[in-house]
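The following exercises concern a structure shown below. Each one sets a task and then works through the solution step by step.

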Amino acid sequence: MNIFFSLSTFEKVEKLKAERDAAHNGIEARVYELKERLTNEDFTKFAQGNEIENLTKILEETATWIEDEAGLSTTTEEFKKKRAPIEEIVSAIEKRIRDLIEAELRKKAEAEAKKKAEELAKKKAAEEAKKKEEEALKAAAKEAEGGEEKPERTEGGEEKVEGNEDTKESTGNEEENEKATLDEEEMPSVEDILLPKTDDKAHVDL
């Protein structure tokens, strides 16, 4: 029972020691990192008011405290307490950086979406214009086909010339008239049949 209690206590002590060492190393690394970032304009330009001045002062004080005062007796909570004001200022600056990055990403995404929409609209307009052009050509071709007069053809398939029927009819009438005239000339009259012909010459001699 005592052995089990001793092992549990040892494990607990080791765990607390590991947490303290992590807090100690963490604040030291953070102070060193932020001192470097204070020389970078890409970080400092997002600061507002006295944030850079206050952060610089806190970092210097914390570095001195770690070197002169922090030791084996310093607890994890003390390290966390010293780090809190540092993270408060840095978090505000980093949030502005993230906001700017997110805004730029949104702007880029919106620009790409707009460009894509314009390309789709342009493509659709071109397709509609092409369709209208094709419909107009079809309508023009249909209109031209409907307006063209096709020549009439006879039963034999020959092209029927306008005026042929009248000419043919006129020619037929002339032939009939001529035949009737000939028939009249050849046919003797009633007088010629009933009255005997006299010799004009003989009559004169008498």
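**Exercise 1.** Determine which backbone atom the side chain of Arg-20 reaches, and describe the surroundings of Arg-20.

*Solution.* Step 1: the side chain of Arg-20 comes to 2.7 Å from the backbone oxygen of Thr-74. This is a polar contact (a pair of N or O atoms within 3.5 Å; within protein, one must be able to donate a hydrogen and the other to accept it, and residues adjacent in sequence count only if both atoms are side-chain atoms). The model is a predicted one, in which local features need pLDDT of at least 70 and side-chain atom pairs count only at pLDDT 80 or more, while totals for chains, interfaces and linings use all residues. Residues are numbered from 1 along each chain as its sequence is written, and side-chain values use heavy atoms, with hydrogens and water left out.

Step 2: Arg-20 is placed in helix 1; helices (H or I, at least four residues) are DSSP runs, numbered from the N terminus. Its relative accessible area is 10%, so Arg-20 is buried (buried means under 20% relative accessible area, exposed over 50%, partly exposed in between, with a 1.4 Å probe and protein chains only).

Step 3: apart from neighbours within four places in sequence, Arg-20 is in contact (heavy atoms within 4.5 Å) with Gly-71, Leu-72, Thr-74, Thr-75, Thr-76 and Phe-79.

**Exercise 2.** Is Thr-76 buried or exposed, and which backbone atom does its side chain reach?

*Solution.* Step 1: Thr-76 belongs to helix 4. With a relative accessible area of 14%, Thr-76 is buried.

Step 2: the backbone nitrogen of Arg-20 is reached by the side chain of Thr-76 at 3.2 Å.

Step 3: once neighbours within four places in sequence are set aside, Thr-76 is in contact with Leu-16, Glu-19, Arg-20 and Ala-23.

**Exercise 3.** Identify the buried residues of helix 3 and establish how they are arranged about its axis.

*Solution.* Step 1: the buried residues are Glu-51, Leu-55, Ile-58, Leu-59, Thr-62, Trp-65 and Ile-66.

Step 2: viewed down the axis of helix 3, these residues fall within an arc of 130°, so they line one face of the helix. The arc is that of the directions from the helix axis to the C-beta atoms.

Step 3: Glu-53, Lys-57, Glu-67 and Asp-68, on the other side of helix 3, are exposed.

**Exercise 4.** Characterise the aromatic pair of the structure.

*Solution.* Step 1: the structure holds one such pair (rings of Phe, Tyr and Trp, the last by its six-membered ring, with centres within 6.5 Å; planes under 30 degrees apart count as stacked, over 60 as edge-to-face and the rest as tilted).

Step 2: Trp-65 and Phe-79 form the pair, with 5.6 Å centre to centre and 75° between the planes, an edge-to-face arrangement.

Step 3: Trp-65 lies in helix 3 and Phe-79 in helix 4, 14 residues apart. Both Trp-65 and Phe-79 are buried.

**Exercise 5.** Which helix gives the most to the largest nonpolar core?

*Solution.* Step 1: this core (buried Ala, Val, Leu, Ile, Met, Phe, Trp, Tyr and Cys residues joined through side-chain atoms within 4.5 Å) has 20 residues, of which Phe-43, Leu-55, Leu-59, Phe-79, Ile-86 and Ile-93 touch the most other members.

Step 2: at least two residues of the core come from each of helix 1 (2-37), helix 3 (51-68) and helix 4 (76-147). Helix 4 gives the most, with six residues.

Step 3: not counting residues up to four places away in sequence, Ile-86 touches Val-31, Leu-34, Leu-55, Ile-58, Leu-59 and Thr-62.
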